[in-house]
Amino acid sequence: MSHTFVIACGGTGGHLSPGIALAEALVTHGHSATLLISHKKVDARLSEKYPLLNFVRVPSAPFGWRPDVHLRFHLRQTQGLLFSMDLLRKLKPNAIVGFGGFTNAGVVLAGRFTHVPVALHEANRVPGRSTRVLSRLAKRLYLPPGVRLPGRLGLMVRHTGLPVRREIVRLPRAEARAQLGVDQTQKLLVVLGGSQGAGPLNRWVEENLSALAHEGVQVWCVTGMGKGEVGVKQFPGRNGHAVRSWQEPFSDRIGVLMSAADLVLSRAGAGTISELVECETPAILIPFPYAADNHQQANAVYFEQQGGGLVIPETGMQDLRQEVLDVVFNDWLLNKFRGNLRRMSRENSIETIVHDLEDLAAGTPPTRHLRRAPAPQNA
């Protein structure tokens, strides 16, 4: 039986990417899906890659305590609620799925008022404010393995990973490097700051490009929207060979970049970590220290405990160059990380969610099914 789903997933790449992945899977299973996104540039940039999916921009704004931000939040969320009520009347969806963030509230409340069942997905290991508040209105809650949300008695919880877009797959290293045009014989460090970019990582790259090139390390840096231009630089290497570096503000081929990389240097957003796992790419994570509830630190620690790479605090970046060089030239350690990442990638989270959402949309009584988190392992 075909069902209609509404997916609220705008605001950041970390919310939109899994929403797109789920929409692709639902459409493949014969259902229809409408994705609610924000008016931010990152949403427009990523959504334009998927002309066969249906995107709708919903009024919304992030929460904040500053008076003007607080007022704008309430105004835009009220507009979002009214917009969502009208949209649900037109679409008559069988279920709503929210991926966190500020586009969630209006449609989740509208779903409650119109008796449409709601499912929420929390990608981070510390559930965010949106999930904590709105989960009281949900029929399903998808959480990372081992994560609990106290006080949600009777809520049917599923422990599963974050959906990853079908294009994010591990490619053979040589094929990925050929697509990018990078040197096959030199080491490659890929630096990612998330969809918003990361100023400290961008500055670190600028300050260390020459020294890394001298050691024979190529760098590909995705700076974030509005934080850099597309460009290529060339430096002399120790052996006389030229070593290049690349910079771009946004990349729509993350799977290729991760497959080509020997090592990734990144923030610790849940979406990025899921993509690292899918591509089996070792990483050094620098958690954003001001993330809500310090959730990036929790994400990074779990990744390190599972043996996918290392965690370095932003306050420890003065020693980062040597750490990068020590890891990127240690092939034994890199292979150990890749083996651990391969073990982490075995769970097919999209299929788990799709089948469960089909039951939710059909009104099928759920059966409780909790996944155990894998035991932490060190590399």
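Helix α3 (residues 67-91) lies across four strands, β1 (4-8), β2 (32-37), β3 and β4, and runs at about 160° to β1. Here helices (H or I, at least four residues) and strands (E, at least two) are DSSP runs, numbered from the N terminus. Contact, for helices on sheets and for residues alike, means heavy atoms within 4.5 Å. Angles come from axes, which are lines fitted to C-alpha atoms, for helices over the stretch in contact; they run from 0 to 180 degrees between N-to-C directions. The model is a predicted one, so to speak of local features a pLDDT of at least 70 is needed, side-chain atom pairs count only at pLDDT 80 or more, and totals for chains, interfaces and linings use all residues. Residues are numbered from 1 along each chain as its sequence is written, and side-chain values use heavy atoms, with hydrogens and water left out.

The sheet under α3 comes next. Seven strands make up this open sheet, in the order β3-β2-β1-β4-β5-β6-β7, and the pairing is parallel. Two strands pair if DSSP finds at least two bridges between them. At the edges stand β3 (54-57) and β7 (156-159); each has a single partner strand, so one side of each is left without a neighbour in the sheet. Neighbouring strands here are turned by 20° against each other on average, direction ignored. Within the sheet, β4 (residues 95-98) and β5 (residues 118-121) run parallel and are joined by three bridges, with V97 standing opposite A119 in β5. Helix α13 (residues 349-362) also packs on this sheet, touching β1, β4, β5, β6 (140-143) and β7, and its direction makes about 170° with that of β6.

There is another open sheet of seven strands, this one with mixed pairing and the order β10-β11-β9-β8-β12-β13-β14. Its edge strands are β10 (231-236) and β14 (309-311), each pairing on one side only. On average, neighbouring strands in this sheet are turned by 15° against each other, direction ignored. At one end, β10 and β11 (residues 242-248) pair in the antiparallel sense over six bridges. They form a hairpin with five residues between them, and G240 in the turn has a positive phi of about 95°. Q234 has R244 in β11 as its bridge partner, while G231 stands opposite Q247 in β11. Q247 also has C221 opposite it, and β9 and β11 pair in the parallel sense over four bridges. In a regular strand the side chains alternate between the two faces of the sheet.

Helices lie on this sheet too. Helix α7 (residues 199-214) lies across β8 (187-192), β9 (217-222), β10, β11 and β12 (263-266), running at about 165° to β9. Helix α9 (residues 270-279) lies across β8, β12 and β13 (283-285), and runs at about 165° to β13.

Now for the charged side chains. The structure holds 20 salt bridges, a salt bridge being a side-chain nitrogen of Lys or Arg within 4 Å of a carboxyl oxygen of Asp or Glu. Accessibility is sorted into buried (under 20% relative accessible area), exposed (over 50%) and partly exposed (in between), with a 1.4 Å probe and protein chains only. D86 and K90 both sit in α3, four residues apart, about one turn of the helix, and form a salt bridge with their closest N and O atoms 3.1 Å apart. D86 is partly exposed at 31%, whereas K90 is exposed at 62%. R342 and E280 form another salt bridge, at 3.2 Å between the closest N and O atoms. This pair links distant parts of the chain: R342 is in helix α12, E280 in the loop between α9 and β13, 62 residues apart. R342 is partly exposed at 41%, but E280 counts as buried at 14%. Salt bridges that share partners also join R173, R177, K187, D262 and D331 into one network.

R338, in helix α12 (residues 331-344), is buried yet has no salt bridge; D262, the nearest side chain of opposite charge, is 4.3 Å away. For charge, Lys and Arg count as positive and Asp and Glu as negative, while His and the chain ends are not counted. Leaving aside neighbours within four places in sequence, R338 is in contact with R170, D262, E280 and P282.
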